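Subject: Structure handover

Hello,

Here is the structure I promised to pass on. Please open it alongside this message.

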Amino acid sequence: MDDIDVPESHPRYQSLLTRHRIEDGVEKGITSQQGLIAQGRGETFDYLLGEETIPSADDAARAAAAHLLLADHPVLSVNGNVAALVPGETVDLADATGADIEVNLFNRTEERMQAIADHLRAHGAETVKGLTADGRIPGLDHERAKVDADGIGAADVVVVPLEDGDRAAALAEMGKTEIVVDLNPLSRSAESATVPIIDNIIRALPTVTAHARDLADADESQLRAIVDEFDPEETRAAAEDAIRSGELA
Ligand code: ATP
C-alpha cells in the first residue's frame, strides 16, 4: 500500500489511503457518487471498532474461508467500492478459493461495468463475469436483478461485500450461502448473511484469503466442523458490543 504520500506510521494512514482509493475510483468512473456516502458510513463504524479486526470478525473470516473451500461454485461479487478499494485482494481470494469474480452493481451502467472489469483485469483477474447479464435475482426490479446465469445465478456460495440490503436479502431468499462483509452489524445485509464479517473490506479480504490458504489441505470434515460451529448471531452481537462499549484510542 504505497499509493499515497503519507508515511505508514501516520495514525490515520489506513483511513487516508482508503479515502484516496475511493476518490480515485470516482475519478476513473469505477465508483459511483453514492459510493462516497457508503464509504462515510463505513468509516464511522470502523472508527468505533478501533479500526482493527476484532476476534469475532477473524472467526467469521475463517468460517467464510471454509464455506468457500467447500463450495461447488463460489462467486465473489464486486461493486464500485470493492473494485476501488481491494482489486488485487479480490483476485488473491479468487485464486485461493477457486471462486469466480462477477461485477454486480446497484447503479448499473455499461460504462461502469466495463471500467470495473478492466480495472480487475489490470490487477490480474483472468475472467470477469457480470457483463452477460442473462440471469435474474427474483424479487428485484429489472436493473437491480441482473446477474450472469452461470455466475451468481448458479453460485452456491456468494461473497457480497458492501451490498445493499434488498439485494443481500433477495440472494439469501434464493437459498445461496451468503458471506457479507459490512462494517455495520445492524445493516440488513449483515442480518441476512450466513456469515457476516463485520470488518473493513481492506482488512477482511486478506484475512479470508489467509485462512483459505491455511485450510487448503484440510479435509471436508474439518471444514464442515468450522462451518457448523459458526454462529452469525454471536458475531453480530460481539461487533455491536465492541462498537457500543469499545474504548476509543
Ligand atoms: P442496508 O440497506 O443493508 O441497511 P445501507 O443502506 O446502509 O445498508 P449503503 O449505504 O449502500 O447501505 O452502505 C453499504 C454498507 O457498507 C454500509 O453498511 C457501510 O457500513 C458498509 N461499508 C462501507 N464501506 C465499507 C468498507 N470499507 N468495509 C466494510 N463495510 C463498508
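Below is what turned up, beginning with the ligand and ending with the salt bridges.

First, a caveat: this is a predicted model.

**Ligand site**

The ligand sits in the largest pocket. Around it are 17 residues. The closest are Arg41, Asp182, Arg188, Asn200 and Ile201.

Three polar side-chain distances are worth having to hand:

- Aspartate 182: a polar side-chain atom is 2.7 Å from a ligand oxygen atom.
- Arginine 41: a polar side-chain atom is 3.0 Å from a ligand oxygen atom.
- Asparagine 200: here the partner is a nitrogen atom of the ligand, and the distance from a polar side-chain atom is 3.0 Å.

On its own, the ligand has 640 Å² of accessible area, and the protein covers 86% of that.

What is the shell around the ligand made of, by residue class? Six of its residues are nonpolar, seven are polar and four are charged.

Which helix supplies the largest share of the shell? Helix 2 does, with five residues. Helix 2 spans 33-49. Helix 9 (188-192) also supplies at least two shell residues.

**Salt bridges**

Searching the whole structure gives 16 salt bridges. One of them joins the side chains of glutamate 51 and arginine 12, with an N to O distance of 3.3 Å. That pair links distant parts of the chain, 39 residues apart. Glutamate 51 is in the loop between helix 2 and helix 3 (55-70). Arginine 12 is in the segment before helix 1 (13-27).

Over to you.

Best wishes

Conventions: Residues numbered from 1 in each chain as written. Predicted model: local features only at pLDDT ≥ 70, side-chain atom pairs only at ≥ 80, totals over all residues. Heavy atoms only, no water. Near = heavy atom within 4 Å. Polar contact = N/O pair within 3.5 Å; in protein donor to acceptor, adjacent residues only side chain to side chain. Areas by Shrake-Rupley, 256 points an atom, 1.4 Å probe, with all protein chains shown as cover. 1 Å grid on protein atoms, 1.4 Å probe; cavity = no way out; pocket = protein on both sides within 12 Å on 5 of 7 lines; lining within 4 Å. Sits in = over half its atoms within 2 Å of the grid points. Helix = DSSP H or I, 4+ residues; strand = E, 2+ residues; numbered from the N terminus. Nonpolar A, V, L, I, M, F, W, Y, C, P; charged D, E, K, R; others polar. Salt bridge = Lys/Arg side-chain N within 4 Å of Asp/Glu carboxyl O.
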